[in-house]
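Thanks for sharing this one. Here are a few notes from my read-through, set out as numbered points.

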Amino acid sequence: MLQQFEMKLTFPFFIGRIIATFTCSGEKEVDLAVQNAKAAFKLWSKKSGLERCRILLEAAKIIRVCINIFPSRLGSTGLYSSLTSAFPLGEHVQLPGGSFGYTRREPLGVCVGIGAWNYPFQIACWKSAPALACGNAMVFKPSPFTPVSALLLAEIYAEAGVPPGLFNVVQGGAATGQFLCQHPDVAKVSFTGSVPTGVKIMELSAKGIKPVTLELGGKSPLIIFSDCNLENAVRGAMMANFLTQGQVCCNGTRVFVQRAILDKFTEEVVEQTQKIKIGDPLLEDTRMGPLINRPHLERVLGFVKSAKQQGARVLCGGDPYVPQDPKLKDGYYMRPCVLTDCRDDMSCVREEIFGPVMSILPFDTEAEVLERANDNDTSFGLAAGVFTRDIQRAHRVAAELQAGSCFINNYNVSPVELPFGGYKKSGFGRENGRVTIEYYSQLKTVYVEMGDVETAF
Ligand SMILES: NC(=O)C1=CN([C@@H]2O[C@H](COP(=O)(O)OP(=O)(O)OC[C@H]3O[C@@H](n4cnc5c(N)ncnc54)[C@H](O)[C@@H]3O)[C@@H](O)[C@H]2O)C=CC1
């Protein structure tokens, strides 16, 4: 079984060649997947937390074995398998006269997961692990740009003992996603993707009064005060902008730097950026691979072009890159870019680029930078970061930042133990952490009478 995974994972996905062709699931296939999930849910939801825990733990083990050949952080399967054994969490409430009430956390039923392309395996894990742990079934639709890894997850779950039909993968784009959201037997939709699609998902789900979790885009601020540890701040800014070619929703792409250290910081960041080794993502020493596809590469390069037209200065990168290795020549590579002389009204500062482009913005005071950080036109609020040695300022600034995740003296660390999700147009609901159980379950209250019925009639 593991051998098979390995063979599949050596596909050369980074050289611009088609590696597999999938058929889009239509209304009929979506209905079949939902009906299978519904049937599996009936049995799965009756299992004890411990039984579910055992199976998810096995899945976590298989993922861990595959991790060396699977370029993704370990999924949340491990975490939720451990929480499952304590599930369902309810409370007991004593009432007058010896009567009492208790609450039960019950699964929702068939949940739908719809994923973006940037972390395809991780997104599938972050949605399915808590859903299954809480006793639900899931039908998952990956992005049509990354259809393969969700299938591997399905194989891993099957290998671990997840019953047939409990986790199903359907393939396709917007139309398939719509069939899923509209399906009357779907109880919840968890979506990761762009704001415009998030709006559509919410509208469709509203018609069936279905709860939604929306993990949407961002244009997050990273604030670097002059009293910071500069070396760490530079590292943090690199992590905040260039991880996974900058295709990360919570990236800190508006880098506010206090004027006293602006030149030093900029010099260091440019030096480090120019050292980034671009090339074959399967090689140990490669630090940056290709972007997802040609249109996206063109879009990111277009942002750099319009930044220049609006008065920003390119300090490095921002142009297409052709690696020396001839087999990579058709990949969608670009050199990571650092922009300076940026203003808050420029499109590179206002809009989500989703590529390796850092915009540096000088600031003078804490009050000023907070106002600018919180006031970006697009109303995103996914993440934010602050670098300072002043502990009081660090917490004060974190409290003021309008973002679902704030990093103090680091950036882009997302341990599964901590909840993740957005403020404002970056969405709502949370993934990861204990709190996610609330988003994949519903609360039942049971009242127990210990005396006689008092009647008004
Ligand atoms: N907050 C978070 O956790 C994350 C957010 N993102 C965001 O995702 C975006 C990039 O991903 P994309 O795949 O380009 O986003 P997208 O919104 O174009 O597509 C996301 C998914 O929705 C599906 N879809 C598209 N139209 C639909 C419709 N009308 N009904 C139902 N499903 C539909 C797509 O096929 C895909 O599976 C960025 O904005 C990024 O910030 C990405 C990763 C994490």
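1. Which helices each supply at least two residues of the shell around the ligand? In this predicted model, the helices that do so are helix 7 and helix 8. Helix 7 gives the most to the shell, with four residues.

2. On the ligand surroundings as a whole: there are 29 residues around the ligand, and G177, G193, T197, E215 and G217 come nearest. Sorted by class, the shell has 14 polar, 11 nonpolar and four charged residues.

3. E215 deserves a paragraph of its own. The UniProt record, an unreviewed entry, places the feature "active site" at this residue, and E215 is also among the residues that come nearest to the ligand. E215 lies in strand 7. Is E215 buried or exposed? With 28 C-beta neighbours inside 10 Å, E215 counts as buried, because the cut-off for that class is 20 or more. Beyond its neighbours within four places in sequence, E215 is in contact with F191, T192, G421, G422, G427 and E431.

4. Now to helix 8, which runs over residues 195–207. Helix 8 has 13 residues and reaches 19 Å from its first C-alpha to its last, close to the 18 Å expected at 1.5 Å a residue. Its buried residues include G198, I201 and S205. Why do these belong to one side of the helix? They cover an arc of only 65° around the axis, so they sit on the same side of helix 8. As a general reminder, an α-helix has 3.6 residues a turn, so residues three or four places apart point the same way.

5. What does the buried side of helix 8 pack against? The partners of its buried residues are strand 3 (110–114), helix 7 (174–182), strand 6 (186–192), strand 7 (212–215) and strand 17 (427–428). Strand 7, then, is both a packing partner of helix 8 and the strand that holds E215. On the face turned away from the buried side, helix 8 carries the exposed residues P196, E203, A206 and K207. Just after the helix, I209 takes a positive phi of about 50°.

6. Last, a look at R389, in the loop between strand 14 (383–387) and helix 14 (391–400). R389 has 13 other C-beta atoms within 10 Å and is partly exposed. Leaving aside neighbours within four places in sequence, R389 is in contact with D227, C228 and N229. K38 is 351 residues from R389 along the chain, and the C-alpha atoms of the two are separated by 53 Å.

Notes. Residues are numbered from 1 along each chain as its sequence is written. This is a predicted model: local features need pLDDT of at least 70, side-chain atom pairs count only at pLDDT 80 or more; totals for chains, interfaces and linings use all residues. The expected span of a helix is 1.5 Å times one less than its number of residues. A residue is buried if 20 or more other C-beta atoms lie within 10 Å of its own, exposed if 12 or fewer, and partly exposed in between; C-beta atoms are placed from the backbone. The arc is that of the directions from the helix axis to the C-beta atoms. Two residues are in contact if their C-beta atoms, placed from the backbone, lie within 7 Å. A residue is near a molecule or strand if its C-beta atom, placed from the backbone, lies within 6 Å of it. Ala, Val, Leu, Ile, Met, Phe, Trp, Tyr, Cys and Pro count as nonpolar, Asp, Glu, Lys and Arg as charged, and the others, Gly among them, as polar. UniProt positions are given in the numbering used here, feature names are shortened, and annotations may be inferred rather than shown by experiment.
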